[in-house]
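This note is offered to a colleague at the bench who wishes to look at strand pairing and charged side chains. The points are numbered for ease of reply.

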Amino acid sequence: MTDQPEQHPVTGLDDVVHQRVRLGILTVAHQARRVEFGFLRTALGLTAGNLSQHLAILEKAGLVDIEKGYEGKRARTWLSLTPAGDRALRDEVAQLKRLIHQIEHGSSTPES
């Protein structure tokens, strides 16, 4: 049996989830359970086009559901986390906590 060093916490970060805007989208959606596009755009300080691009990535990855409809006569778009999105967000937070713990408590790192 060989002793393999434990992987650094950053290796467990998900590139789709970890990107700042997408992490923000997932976090707000988690807190709200269902969030309207305009609210999300304003809360994260994004343009509609930029938010749409990030939502497309998250939807393709199966992390959010997007629902289009009307509220009165106004077209609206809502999004919510899928179970996979909720797991991905929780996994990302757990990895970030591991990284923070390692930094705060001076865990040893492999020698160069």
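**Notes on strand pairing and charged contacts**

1. Glu36 is partly exposed, its relative accessible area being 21%. The cut-off for a buried residue is under 20%, so Glu36 at 21% falls in the partly exposed class. Please note that the model is predicted.

2. The partner of Glu36 is Arg76, and the two form a salt bridge in which the closest N and O atoms are 3.6 Å apart. Because Glu36 belongs to strand β1 and Arg76 to strand β3, this pair ties together parts that are 40 residues apart in sequence. Arg76 is buried, with a relative accessible area of 18%.

3. Which other acidic side chain meets Arg76 in a salt bridge? The side chain of Glu71 does, at 3.4 Å from N to O. Glu71 counts as partly exposed, with 47% relative accessibility. Glu36, Glu71 and Arg76 are thus joined in a network of salt bridges.

4. The strands that carry these contacts deserve a separate description. Strand β1 (residues 35–36) and strand β3 (residues 74–81) run antiparallel and are joined by 2 bridges. Within this pairing, Val35 stands opposite Leu79 in β3.

5. Strand β3 also pairs with strand β2 (residues 64–71), again in the antiparallel sense, over 8 bridges. Asp65 stands opposite Ser80 in β3. The hairpin of β2 and β3 has 2 residues between the strands, and Gly72 takes a positive phi near 70° there.

6. How many salt bridges does a search of the whole structure find? The search gives 4, including the one between Asp86 and Arg90, whose closest N and O atoms are 3.0 Å apart. Asp86 and Arg90 are 4 residues apart in helix α5 (residues 83–104), so about one helical turn separates them. Arg90 is partly exposed, with a relative accessible area of 48%.

7. Aromatic rings should be considered alongside the charges. The charged end of Arg34 sits over the ring of Trp78, at 4.3 Å from the ring centre. For ring-to-ring contacts, the cut-off is a distance between centres within 6.5 Å; by this rule the count is 0 aromatic pairs.

8. In review, two items merit inspection on the displayed model. One is the network of salt bridges that links Glu36, Glu71 and Arg76; the other is the placement of the charged end of Arg34 over the ring of Trp78.

Technical notes: Residues are numbered from 1 along each chain as its sequence is written. This is a predicted model: local features need pLDDT of at least 70, side-chain atom pairs count only at pLDDT 80 or more; totals for chains, interfaces and linings use all residues. Side-chain values use heavy atoms; hydrogens and water are left out. Rings of Phe, Tyr and Trp (its six-membered ring) pair if their centres lie within 6.5 Å; planes under 30 degrees apart count as stacked, over 60 as edge-to-face and the rest as tilted. A charge sits over a ring if NZ of Lys or CZ of Arg is within 6 Å of the ring centre and within 35 degrees of the ring normal. Two strands pair if DSSP finds at least two bridges between them. Buried means under 20% relative accessible area, exposed over 50%, partly exposed in between (1.4 Å probe, protein chains only).
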